[in-house]
Amino acid sequence: MASHGLAYDGCNFFRQRLVLSTLSGKRVKIKNIRSKDDNPGLRDFEASLIRLLDKVTNGSRIEINQTGTVLFYQPGLLFGGSVEHDCNLQRSVGYYLEALLMLAPFMKTSLKATLRGVTNDPTDPTVDMLKSTALPLMKKFGIDGEGFDLKVVKRGMAPGGGGEVVFTCPVRRTIRPVQLTDPAKIKRIRGVAYSVRVSPQMANRIVESARAVLNQFIPDIYIYTDHMKGANSGKSPGFGLTLVAETLNGSFLSAEMSSTPQGQGDPMLPEDLGRNCAKLLLEEVHRGGCVDSSNQSLALLLMTLGQQDVSKVLLGPLSPYTIEFLRHIRDFFQLMFKIEVQKPSEDERKGGDKVLMTGVGVGYSNINKTIK
């Protein structure tokens, strides 16, 4: 194996490795993928992710052994353009979208991706959540413009799917450094309660119970109800809620819950779902920071790829996923962040401990863009 390739073991953090490999141009070899399992090798949803990466790049080389336990990936150039992909139903569209969000600004031509599958499920971030938190975060790094949008055309709940999402993103030559160090106070809460193939009344019941909790803290709350009918409602029944708290400085913290997929475990009452989701949002506000826990790795990646200047972002406690992501950034980009823990004083009601991440961008520039 060539000296500039990286080798990993096991199936964990599979997506991080492939995304960072594609951006840094370093080849990667992953072995022992579930080799001790009764059903060894790559799962269908991972194979589906590889196919999606193959669609948006040009000249990638992918080799997988007979049993699927060893993967060799040599990234090609990010090409972009118009892409359609049927996502595997084991994971929601959010799983694939998170990878695309990280790659989209660095394509050769602006990306228009149509993804089909499960739009809302309990394990991955839903499309609504990515739309309301990840996109505003990317705008802070200078990724915005006319064509920056995420549209839910059809909703598809797990396990049947049948949803459709269109993600469009313009290309950028460089990413600007940011200083997000003061999240400020929460000024309003917005949300979407959605229901498909169940009574539209479900969404109203969710809204009522979520408001009962949140009204104790802040008056400015608006939760939309979204009831999709007919062909746009996918194949499985379900409902859920996505809540977003916006701060005075324009940071977004979010929480969400989806109903238990049909035929998997105990059904859930819409009242419980609304109440629990509201409590999750309060938990997220307590953790605080300028970026919520589900978007920590996206923020750190954009800091890494920024121009050669200092970026600072204040985060809540780092999630295990983020910690592993930092290790991978060190492997692929040789970049280390300075990490300072900030403890709020007793009298300030600022929630839990915060982490201030400081790093200097590697000055990544989109090689596909000819310099005008």
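Here are four short exercises on this predicted model, each with a worked solution.

Before you start: residues are numbered from 1 along each chain as its sequence is written, and side-chain values use heavy atoms, with hydrogens and water left out. In this predicted model, local features need pLDDT of at least 70 and side-chain atom pairs count only at pLDDT 80 or more, while totals for chains, interfaces and linings use all residues.

**Exercise 1. Work out how the protein is divided and what the UniProt record adds.**

Step 1. Begin with the domains, whose bounds come from an automatic or database domain assignment. They are domain 1 (1–76), domain 2 (186–287) and domain 3 (291–360).

Step 2. Turn to the record, bearing in mind that UniProt positions are given in the numbering used here, feature names are shortened, and annotations may be inferred rather than shown by experiment. In an unreviewed entry, UniProt annotates residues 8–339 as "domain: RNA 3'-terminal phosphate cyclase". The annotation "domain: RNA 3'-terminal phosphate cyclase insert", also from an unreviewed entry, covers residues 182–285.

Step 3. Add the geometry of each span. For residues 8–339, the end C-alpha atoms lie 25 Å apart, with 31% helix and 28% strand. For residues 182–285, the end C-alpha atoms are 13 Å apart, and the span is 29% helix and 35% strand.

**Exercise 2. Locate the largest nonpolar core and say which domains it lies between.**

Step 1. Fix the terms. A nonpolar core is a set of buried Ala, Val, Leu, Ile, Met, Phe, Trp, Tyr and Cys residues joined through side-chain atoms within 4.5 Å; buried means under 20% relative accessible area, with a 1.4 Å probe and protein chains only.

Step 2. The largest such core has 78 residues, and those with the most contacts inside it include Phe14, Leu97, Leu111 and Met357. Helix 3 (residues 93–103) gives the most to this core, with 9 residues.

Step 3. Domain 1 (1–76) and domain 3 (291–360) both contribute residues, so this core lies between them. A second, separate core of 22 residues includes Val207 and Leu273.

Step 4. Check the two domains directly, taking contact as heavy atoms within 4.5 Å. Here 12 residues of domain 1 touch 11 residues of domain 3, and the domain centres, taken over C-alpha atoms, are 26 Å apart.

**Exercise 3. Trace the sheet that contains strand 7, and find its edges.**

Step 1. Helices (H or I, at least four residues) and strands (E, at least two) are DSSP runs numbered from the N terminus, and two strands pair if DSSP finds at least two bridges between them.

Step 2. The open sheet has 4 strands in the order 7-8-10-9, with mixed pairing. Strand 7 (80–86) and strand 9 (149–154) each have a single partner strand, so one side of each is left without a neighbour in the sheet.

Step 3. Strand 7 pairs with strand 8 (residues 109–117) in the parallel sense over 6 bridges; Gly80 has Thr109 as its bridge partner in strand 8.

Step 4. Helix 2 (residues 44–56) lies across strand 7 and strand 8, at about 160° to strand 7. Axes are lines fitted to C-alpha atoms, for helices over the stretch in contact, and angles run from 0 to 180 degrees between N-to-C directions.

**Exercise 4. Do the same for the sheet that contains strand 16.**

Step 1. This open sheet has 4 strands in the order 11-16-18-17, and the pairing is mixed. Strand 11 (179–180) and strand 17 (338–342) are its edge strands.

Step 2. Strand 16 (residues 310–315) and strand 18 (residues 354–360) pair in the antiparallel sense over 6 bridges, and Leu315 is partnered by Val355 in strand 18.

Step 3. Helix 7 (residues 296–304) lies across both of these strands, at about 170° to strand 16.

Definitions and conventions: Buried means under 20% relative accessible area, exposed over 50%, partly exposed in between (1.4 Å probe, protein chains only).
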